[in-house]
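Here's a quick briefing to read alongside the structure. Keep the 3D view open and follow the strands as we go.

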Amino acid sequence: MGLKAAITAVGGYVPEYRLTNKILETMVDTTDEWIMTRTGIKERRILKGEGLGTSFMAIKAAEDLLAKRNLDPKEIELVICCTATPDMPVASTAAYVATQIGATNAFGWDLQAACSGFLFGLTTGSQFIETGKYSKVLVIGGDKMSSIIDYSDRTTCVIFGDGAGAVLLEPSEEGLGVQDSILKSDGGGREFLYIKSGGSMSPPSKETVENKEHFVHQEGQQVFKFAVTNMADYSAKIMERNNLTAEDVNWLVPHQANMRIISATANRMGLEEDKVMLNIDRYGNTTNGTLPLLLWDYEKQLKKGDNLVLAAFGGGFTWGALYLKWAYDPS
């Protein structure tokens, strides 16, 4: 059978401050009803505090995992930090997080695939376990989306929130863990979802700041169309490729971007609502944080051997689905 990469622990962190729809009504021309009808989001968490970046939440999520598992951080060999909002350019957020949590024997890197990053990172981390190269890999997904959102733009500010989640990958000889994944990308998508300036094509300047070119810009309808089709199609494809029926799937773990996209994916898979993990109403879209935060929220409901399908769609465009067998019973 060979080794599989199993998730053996999860951790999470969301900031205390709640940005509710009622508060947003005082900031932009919108209503609670409009937001709920189109997105399913009631509130989102926002990280407040001078100098606090994605690493702050990633460290908290990792520390939560380490404490729950009673694990010595020196045993961790690799840290993959999946994020679209690293603390700073060039300096690796993953390296900083590893050092701060005491994982001094680990190396690490940041992985950027927009909202699909954690899915890509989980697949990448699993390869190091399956080859027998490493036995403890930490995969973190987190974003401080509030740092790149224009809170006068009602098309984006109602969607995103801040948060981070972490999972530990370890070898399984029982066939539990990551079974299969299908990952895709299409570079043509970057005209519909992007941050115009701050990169090498358009470095920061007085003009780029004044023109608000360092915030997320999204062509909502185009992104929605691509996301609905691809998240649903590839969730169905991973089922077909592994001979899974709707009855075989215990949980859908979908990226929390929009309730309508989640419903379309579940329908395409033939799943009832009670098999769909949801926290979009409480956290909004935390980008790389969505999938690990779902596992964190639902951990006590998961049972050893459960079949999970994780699905995501992000800027780039990037998307995919992953089939996972859960490795432990709730404690």
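Let's start with one pair of residues: Lys4 stands opposite Ser172 in β7. Keep in mind that this is a predicted model. From that pair we can work outwards to one open sheet, and then move on to another.

**How β1 and β7 pair up**
- Strand β7 covers residues 162-172, and β1 pairs with β7 in the antiparallel sense.
- How many bridges join β1 and β7? There are nine bridges in this pairing.
- You can pick out another match here: Gly11 has Ala166 in β7 as its bridge partner.

**The five-stranded sheet**
- Reading across this open sheet, the five strands come in the order β1-β7-β6-β4-β5, and their pairing is mixed.
- Why is one side of β1 and of β5 left without a neighbour in the sheet? Strands β1 (4-13) and β5 (107-111) stand at the edges and each has a single partner strand, so one side of each has no neighbour there.
- Going from one strand to the next, the twist averages 20°.

**What surrounds β1**
- Don't let that edge position fool you: nine of the 10 residues of β1 are buried, so the rest of the structure largely encloses this strand.
- Helix α3, made of residues 54-69, lies across β1, β6 (137-144) and β7.
- If you compare directions, α3 runs at about 115° to β1.

**The four-stranded sheet**
- Here's another open sheet, this one with four strands in the order β8-β13-β12-β11 and mixed pairing.
- At the edges you'll find β8 (177-185) and β11 (251-254), and because each has a single partner strand, one side of each lacks a neighbour in the sheet.
- The twist in this sheet averages 15° from one strand to the next.

**How β11 and β12 pair up**
- In which sense do β11 and β12 pair? Strand β12 (residues 307-314) and β11 pair in the parallel sense, over four bridges.
- To find this pairing on screen, look for Trp251, which stands opposite Leu308 in β12.

**Helices across β11 and β12**
- Helix α9 (residues 259-269) lies across β11 and β12, and its direction is at about 145° to β11.
- Helix α11 (residues 290-298) also lies across β11 and β12, running at about 140° to β11.

Key
Residues are numbered from 1 along each chain as its sequence is written. This is a predicted model: local features need pLDDT of at least 70, side-chain atom pairs count only at pLDDT 80 or more; totals for chains, interfaces and linings use all residues. Side-chain values use heavy atoms; hydrogens and water are left out. Two strands pair if DSSP finds at least two bridges between them. Helices (H or I, at least four residues) and strands (E, at least two) are DSSP runs, numbered from the N terminus. Axes are lines fitted to C-alpha atoms, for helices over the stretch in contact, and angles run from 0 to 180 degrees between N-to-C directions. Contact means heavy atoms within 4.5 Å. Buried means under 20% relative accessible area, exposed over 50%, partly exposed in between (1.4 Å probe, protein chains only).
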